[in-house]
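Open the model in your viewer and keep the selection panel at hand. The tour below goes stop by stop, naming what to select and what is found there.

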Amino acid sequence: MTATHAPADTLSVLDRPNSYIGKSVPRPNLDRLLQGRGQYVSDLELPRMAHVVFLRSPYAHAKIVAIDAAAARRMSGVISIVTGRELEDVITPWVGVLSHLKGLKSAPQHAIAVDRVCWQGEAVAAVVATSRAAAEDAMEHITVDYEELEAVTDMRAALDPATPVIHAALGDNLAFERTINAGDVDLALSESEVVEADFVFGRHTGVTLEPRAVVADWNAAEARLTIYQGTQAPHMVQNIAALHLGLREAQVRVVCKDVGGSFGIKVHIYADEMATYALSKLLRRPVKFVADRVESFNTDIHARDHRCRGRIGVLKDGTITAFEIDDLTGIGPYSMYPRTSAIEANQVVNLVGGPYVTPNYRARARVVFQNKNVMCQYRAVGHPIACSVTEGLVDLAAAKIGMDPVEIRRRNLIADDAYPCASPSGMKFEQLSHHASLTKLLQMMDYDALRAEQAALRTRNVHRGIGIASFIEVTNPSAAFYGVGGARISSQDGVAVRLDAQGSVICQTSITEQGQGSESLTAQIVGSVLGVSMERVRVILGDTDNTPYGGGTWASRGAGIGGEAALQAAKALRKNILDVAAAILQSTPTGLDIVNNSIVNADDGAPRIELNELARIVYFRPDTLPPGIQPELMATRHFVPRQYPFAFTNGVQASWLEVDTETGFVTLLKHWVVEDCGTIINPQLVDEQIRGGVVQGLGAALFEKCIYDERGQLTNANMADYLVPMSGEMPDIEIGHVVSPTLESELGAKGAGEAGTAGAAAAVANAVNDALRQFGAIITEIPLTPQVILTALGRI
Amino acid sequence: MSVPVSISLLVNGEPIDAFVLPRLNLADFLRENLKLTGTHVGCEHGVCGACTVRVDGEIVRSCLMLAVQAQGASVETIEGLSDSGEVADLQAAFRERNALQCGYCTPGMLITAQDLLKQVSMPDRQAIREHLSGNYCRCTGYQAILDAVEATAKTRAERRA
């Protein structure tokens, strides 16, 4: 209560007295997680709940000749064994295409395979039993007669006419192709120095610490299905489950409490989850499915898996004249439903060259089917590929003309006063801050001192490198992402706010929480706008019966879209509260404000009536209010950005690392990020989103890869063999900010969730190449394993 | 193999008698038999550390230990350590520093961090990194966790001084 009391309407909601916006307040409700008293789906038990395990194909491609489950059916605890053919009667198959991705094709996919399996790990039967152990015991007694078919694994070979076509009806293995041709690339390249390279990106996966988990509960008496699922998009799950089970949306409720990690893995709907919904309906009882770790590796979506040929044209003065890419990506046997597996390649061609002023851009992306697990959207969809190719080429161009990597960026990054503008691929930029970000980064890392240190150490045979990566990031997606292609994935979010009878606030939002801090940012915004302390704001989310309809939390949309909806709903409620306060106090709404849980005079801040007293009058003694006053202490607002299809953010990262040229090991020493995500609601949460994202990007850069053999067998499907970053290898990560709020919303927030992952691998790869430049080694492949590095050095 | 075995043990100080199958691991026993959901299962082969509990004072991976092996032992889970207040300052530091996001690794992290702080009163950052290097966190990037453990060590040292 130390703030000045300017009339409420002249203050932006962002700088109201006692605003929580911009403050690092701890997240409410953390205690349940800290005490191990969270409510993850894997913890859930319901009366009469059965457990399902899936018998999965050991072959990447095979015909199912016969399934003999007779012995298994007789085993103790077994409730039912269901094949794909039997489940077809309960749930319809689906095809993962979107109409705006022209030409995208896929084949009908079943909840459980019918006749043929297309990747190692595809379910061929479901065993439902009274316990998971009983189900696993029974599973071992099912015999399946397979006829192995040739597996298509190499994505380059997939397009060869001599390679078998995975889905004969589709004609070939090309799922999608898109080209862009802007400016005159041939002319530009003919007048420039040209550098080209093949970039190879390993397949990796999310490895959420809590595996995918679902409990489906069909209530035959109510004819309603309740789905408890760790998902990022409850309303999407509701829609899809209803559609394929032949139900109305009103017959499906999706509940999502705590989620043990998501990162895009849990924004999709998987065949085994669809099967679980269907099994509950078929068996008329709750059925629980929790993937075990091997299943997670074999069936959680994989990501990336690109080979991208890139070219850049550069003049001697450092001017970049053109980018050209030819990207090939393998998506497994089906385009994932309902978001499709073409979005990532589409993003790659949208984003390459994005930070730079280069009118000449040519791109081709081809998406091919393979007999491997499905590949689809994962954190920072397409961004790490686009950033690695772009920034790898920029560094190669700099090396070619003997220019410092920072200087070439300074000369080519879009000027901070050039906005609004558009990229050659047609992306609209509202306001980015590449130069301010780069300047800040160089200060934070003390670039010149690091270069001096690097040179000094080199004389002692210590090889350190500095890598810089500028990037742009797609956030706050509008309907242009999915809705325009016919998917019923909402691009808007809604928030309902109400004042309860004790003057506290209950807030229902359609965004979800997987640890990013959605509850916190919602409570911070609502508390700030309403003048209510955060402890008095309770946030309800993750329940389609009890929240407004909306998209959920993915593609960095929670703060920018859900946050703005919260702000607008709170403003509407604030107006309603002040209207009734004015009536009670015989004042005017503009003469009053709400501060610290009380109605106060707007001019001098003098307390007039506490909110709990106002609520008491409204709820219990409305008879004392003047005639004609019917207070509405509840308000709902929805928000979707309209002017720009996406709120682009930007940033820059730097990596400082050491390469051991004897062993090929890379030691990360320090990492810096400057990010511009617009208005920052909670600096600590934003920084931790970025740090977590960076570490996922570092994992991709150095460790993570799903390794398949030529028969489509995933050979490292466990946490011991699939390496992820652990605390011992990770550096400290310093974060800085430049703030350019989006004018599309009053809040001005853009997203921050992808930024870290978008640029980390590019920064590391550039740093490794910087360290190895004197050896003439250039590596354009991740993960940068010791084997890759030693091979490049010619040591093995 | 399929005949249940009788076991008696202490779990969070409470005497427990149960019949369990010999193949039942301790993590599943705690979760399924005792409904103590704080012990999380992440990898089921001893790599991720989410299932870390304390058995007779030592931290163990409860997914790698059989319930029958806990016969006569004292098992402490995150629920017990929370209720006793033993890790209250560590939990507060995690809360303050946002050293958790999804929270799934957190019980294991807290128990492992407490184990370190019992052995070494003022570990440096590298020692913290190494002690926690068997506990997987996919959300935070580890730095916040390190900060929280370091801060707790400092506060405890000040309290002792």
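Is the crossing of H3(B) and H4(B) right-handed or left-handed? This is a predicted model, and in it the two helices cross in the right-handed sense.

**Stop 1: H3(B) and H4(B)**

Select residues 88-97 of chain B for helix H3, then residues 106-119 of chain B for helix H4. Their axes come within 10 Å and cross at roughly 125°. Angles of 115 to 145 degrees fall outside the perpendicular and antiparallel classes, so H3(B) is oblique to H4(B).

Now show the side chains at the contact. On H3(B), pick Leu90(B), Gln91(B) and Phe94(B). On H4(B), pick Thr106(B), Met109(B), Leu110(B), Ala113(B), Gln114(B) and Leu117(B). Coloured by class, the residues of this contact come out as six nonpolar and three polar, with no charged residue.

**Stop 2: H3(B) and H6(B)**

Keep H3(B) on screen and add helix H6, residues 143-160 of chain B. Here the axes lie 9 Å apart and the packing angle is about 135°. That angle makes H3(B) oblique to H6(B), and the crossing of this pair is right-handed.

For the contact, H3(B) supplies Asp89(B), Leu90(B), Ala93(B), Phe94(B) and Arg97(B). From H6(B), select Ala144(B), Ile145(B), Asp147(B), Ala148(B), Val149(B), Thr152(B), Arg156(B) and Arg159(B). By class, the residues of this contact are seven nonpolar, one polar and five charged.

Leu90(B) and Phe94(B) are worth labelling: both belong to the contact with H4(B) and also to the contact with H6(B).

**Stop 3: the largest cavity**

Leave the chain B helices and turn on a cavity display. How many cavities of 30 Å³ or more does the structure hold? There are 11, and the largest encloses about 680 Å³ of space.

To centre the view on the largest cavity, select Gln516(A), Thr553(A), Ser556(A), Gln689(A) and Gly753(A), the closest to its centre of the 45 residues that line it.

Next, select three helices of chain A: H14 (518-530), H15 (558-585) and H17 (683-702). Each of them supplies at least two residues of the lining. H17(A) gives the largest share, three residues.

Finally, colour the whole lining of the largest cavity by class. The lining has 20 nonpolar, 20 polar and five charged residues.

Conventions:
Residues numbered from 1 in each chain as written. Chains lettered and ligands numbered in written order. Predicted model: local features only at pLDDT ≥ 70, side-chain atom pairs only at ≥ 80, totals over all residues. Heavy atoms only, no water. 1 Å grid on protein atoms, 1.4 Å probe; cavity = no way out; pocket = protein on both sides within 12 Å on 5 of 7 lines; lining within 4 Å. Points joined across faces, edges and corners; volume = space filled by probe spheres on them. Helix = DSSP H or I, 4+ residues; strand = E, 2+ residues; numbered from the N terminus. Nonpolar A, V, L, I, M, F, W, Y, C, P; charged D, E, K, R; others polar. Axes fitted to C-alpha atoms, helices over the stretch in contact; angles between N-to-C directions. Parallel < 35°, antiparallel > 145°, perpendicular 65-115°, else oblique. Left-handed = near helix turned anticlockwise from the far one by under 90°. Contact = heavy atoms within 4.5 Å.
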